[in-house]
Amino acid sequence: SSGINAEWPLRPGVPERLTCARTRQFGSENSLRIGEHKLKKVDKVKFLGVIIDNNLRWDHQIENVVNKLILSIVMIKRVTKFVPKSEYMKIYDALFKSHMSYCISSWGSVPNYRLKQIFSLQKRCVRLLFGKEYSFDH
């Protein structure tokens with residue numbers, strides 16, 4: 001017995017209609033099928049560079065962004081000695097802000113306490129580039 005059925009046209013060379021059905025049988029969990037193919041349930045998936053987990057908690061995405069921001073800070077530390085201060089804003093935008101703001105409209109609405117680590121990395125990067133004294137932290 002199917003709960004939800006939807007039909008849509010596909011590309012040329014593919015059968016004209018394919019039925020997507022979500023079914024629930026007594027004593028079993030929900031399953032999603034496209035035609036005769038049962039779709040595998042996964043805990044998380046990376047789609048267009050954003051990690052979406054099955055509960056939409058965004059923990060994996062935030063962890064991924066934090067790791068990219070840490071690597072960006074390392075890169076920024078390495079290149080600042082070779083770049084004039086007038087170009088620091090471009091470095092910030094290219095190497096740091098681009099990772100922080102990518103698809104933020106999808107995952108950025110998490111509670112503030114979960115964004116705290118990203119905010120501290122942003123402050124560290126800004127101090128590194130625009131602060132008055134050299135930062136010895138890593």
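Biologist: Which residue meets K90 in a salt bridge?

Modeller: This is a predicted model. K90 is exposed, at 58% relative accessibility. The side chain it pairs with is partly exposed, at 27%. The N to O distance is 3.2 Å, and the partner is E87.

Biologist: Which residues do salt bridges that share partners join into one network?

Modeller: D59 meets R57 at 3.2 Å, N to O. D59 also meets R114, at 2.3 Å, N to O. Salt bridges with a shared partner therefore make one network, and its members are R57, D59 and R114.

Biologist: How many residues apart are D59 and R114?

Modeller: D59 sits in helix 1, and R114 sits in helix 4. Their side chains meet in a salt bridge. The pair links distant parts of the chain, and the separation is 55 residues.

Biologist: Is R114 buried or exposed?

Modeller: Buried means under 20% relative accessible area. R114 has 15%, so the term that applies is buried.

Biologist: And how do D59 and R57 count, by relative accessibility?

Modeller: D59 has 33% relative accessibility. R57 has 41%. The partly exposed class runs between 20% and 50%. Both values fall in that range, so D59 and R57 each count as partly exposed.

Biologist: How many salt bridges does a search of the whole structure find?

Modeller: K90 pairs with E87. D59 pairs with R57, and D59 pairs with R114. The search of the whole structure gives a total of three.

Biologist: What order do the elements run in, from the N terminus on?

Modeller: The protein holds four helices and six strands. Starting at the N terminus, the order is β-β-β-β-β-β-α-α-α-α.

Biologist: What does helix 1 reach from its first C-alpha to its last?

Modeller: Helix 1 covers residues 59–79, which gives 21 residues. At 1.5 Å a residue, the expected span is 30 Å. The model comes close to that, with a reach of 30 Å.

Biologist: Which elements do the buried residues of helix 1 pack against?

Modeller: The buried residues of helix 1 include I62, V65, L69, I73 and I76. An α-helix has 3.6 residues a turn, so residues three or four places apart point the same way. The buried set packs against strand 5, strand 6, helix 2, helix 3 and helix 4.

Biologist: Which residues is Q61 in contact with, leaving aside neighbours within four places in sequence?

Modeller: Q61 lies in helix 1. At 2% relative accessibility, Q61 counts as buried. Its contacts beyond those neighbours are G49, V50, I51 and W107.

Biologist: What distance separates the C-alpha atoms of N64 and G49?

Modeller: N64 is also in helix 1, and it is buried at 15%. Its contacts beyond neighbours within four places are K46, G49 and I51. N64 and G49 are 15 residues apart along the chain, with C-alpha atoms separated by 9.7 Å.

Biologist: Which residues form a nonpolar patch on the surface?

Modeller: One member lies in strand 5 and is exposed at 53%: F47. Another is in the loop between strand 5 and strand 6, exposed at 61%: L48. Together the members have about 360 Å² of accessible area, and they are F47, L48 and Y102.

Biologist: What phi does L48 have?

Modeller: Most residues other than glycine have a negative phi. L48 is not a glycine, yet its phi is positive. The value is about 55°.

Biologist: What is the phi of W58?

Modeller: W58 lies in the loop between strand 6 and helix 1. W58 is buried, at 11% relative accessible area. Although it is not a glycine, its phi is positive, at about 70°.

Biologist: How many disulfides does a search of the whole structure find?

Modeller: A disulfide is a covalent bond between the sulfur atoms of two cysteines. C103 is partly exposed at 31%, whereas C125 is buried at 0%. Across the whole structure, the number of disulfides found is zero.

Biologist: What share of the residues counts as buried?

Modeller: The protein exposes about 10700 Å². Carbon and sulfur atoms supply 57% of that area. Of the 138 residues, the share that counts as buried is 24%.

How values were computed: Residues numbered from 1 in each chain as written. Predicted model: local features only at pLDDT ≥ 70, side-chain atom pairs only at ≥ 80, totals over all residues. Heavy atoms only, no water. Patch = residues over 30% accessible without salt bridge, like charges linked within 9 Å, V, L, I, M, F, W, Y side chains within 5 Å. Areas by Shrake-Rupley, 256 points an atom, 1.4 Å probe, with all protein chains shown as cover. Salt bridge = Lys/Arg side-chain N within 4 Å of Asp/Glu carboxyl O. Helix = DSSP H or I, 4+ residues; strand = E, 2+ residues; numbered from the N terminus. Buried < 20%, exposed > 50% of the residue type's maximum accessible area, 1.4 Å probe, protein only. Expected span 1.5 Å × (residues − 1). Contact = heavy atoms within 4.5 Å. Disulfide = S-S within 2.5 Å.
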